[in-house]
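Reader: I am new to this structure and should be grateful for a guided introduction. Might we proceed by question and answer?

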Amino acid sequence: MATLPRGLKNNNPGNLVHSAGGKLLPPYTGEVRPPKDSRFRTFSSMPYGYRAMFVLLKTYNKRGLDTIEKIINTWAPPVENATSTYIDTVEKNTGISRYTKLNINDQVSYKKIVAAISKVENGIPARIQELEAGLYLYNNPGTAPAPTPGTPPNFLPIIGLAILYFFFN
């Protein structure tokens, strides 16, 4: 039986670390604390892991990391990764040149980059529905993840209200 890659076990498709210099970094929305993994963040669901990737990429963009080459050199530094191969793979999978300056508002390009990073980090393609749910969370702070197509609606709150109505009337 094949085991899930670490990033997928942690609902962290980008394998974001939870500490730097021995200090725990501030949590992202949807992050599980205390950390369950010795190095990488754990999220309550995959959409929250994807949301964190979008948030981090926005932070990178504000710091001038606005090309695939600059992003991946920071995301997967050469001291612990085959960074040039990683850049080649993201460039190939997205169809975006490593030198193209990215606009943070171009969500189509950033979706491609997030999907490509997830594939490199986990060895399997990203589930686009989960990635899009993460983008929804990123674009709509403070909301619950958008339901995945095919997921039955949760009628428990409605049933609870009906019971309360029946009980008090």
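Author: The exchange below concerns a predicted model and treats a helix pair and two pockets.

Reader: Is α2 parallel or oblique to α6?

Author: Helix α2 covers residues 46–62 and helix α6 covers residues 128–139; their axes lie 7 Å apart and the packing angle is about 55°. An angle under 35 degrees would count as roughly parallel, and 65 to 115 as roughly perpendicular. The value falls in neither range, so α2 is oblique to α6.

Reader: Into which classes do the residues of the contact of α2 with α6 divide, and how many are nonpolar?

Author: From α2, the participants include Tyr50, Phe54 and Val55, and from α6 they include Leu131, Leu135 and Tyr138. Three residues of this contact are charged, one is polar, and the nonpolar ones number 11.

Reader: Which elements give two or more residues to the lining of the largest pocket?

Author: The largest pocket has a volume of about 440 Å³. Its lining holds 19 residues, and Asn15, Leu16, Val17, Thr74 and Trp75 are the closest to its centre. The elements that contribute two or more residues are α2 and α3 (68–75).

Reader: Which element gives the largest share of the lining of the second largest pocket?

Author: The second largest pocket encloses about 180 Å³. Among the residues lining this pocket are Met46, Pro47 and Tyr50, and α2 covers residues 46–62. With three residues, the largest share comes from α2.

Key: Residues numbered from 1 in each chain as written. Predicted model: local features only at pLDDT ≥ 70, side-chain atom pairs only at ≥ 80, totals over all residues. Heavy atoms only, no water. Axes fitted to C-alpha atoms, helices over the stretch in contact; angles between N-to-C directions. Helix = DSSP H or I, 4+ residues; strand = E, 2+ residues; numbered from the N terminus. Parallel < 35°, antiparallel > 145°, perpendicular 65-115°, else oblique. Contact = heavy atoms within 4.5 Å. Nonpolar A, V, L, I, M, F, W, Y, C, P; charged D, E, K, R; others polar. 1 Å grid on protein atoms, 1.4 Å probe; cavity = no way out; pocket = protein on both sides within 12 Å on 5 of 7 lines; lining within 4 Å. Points joined across faces, edges and corners; volume = space filled by probe spheres on them.
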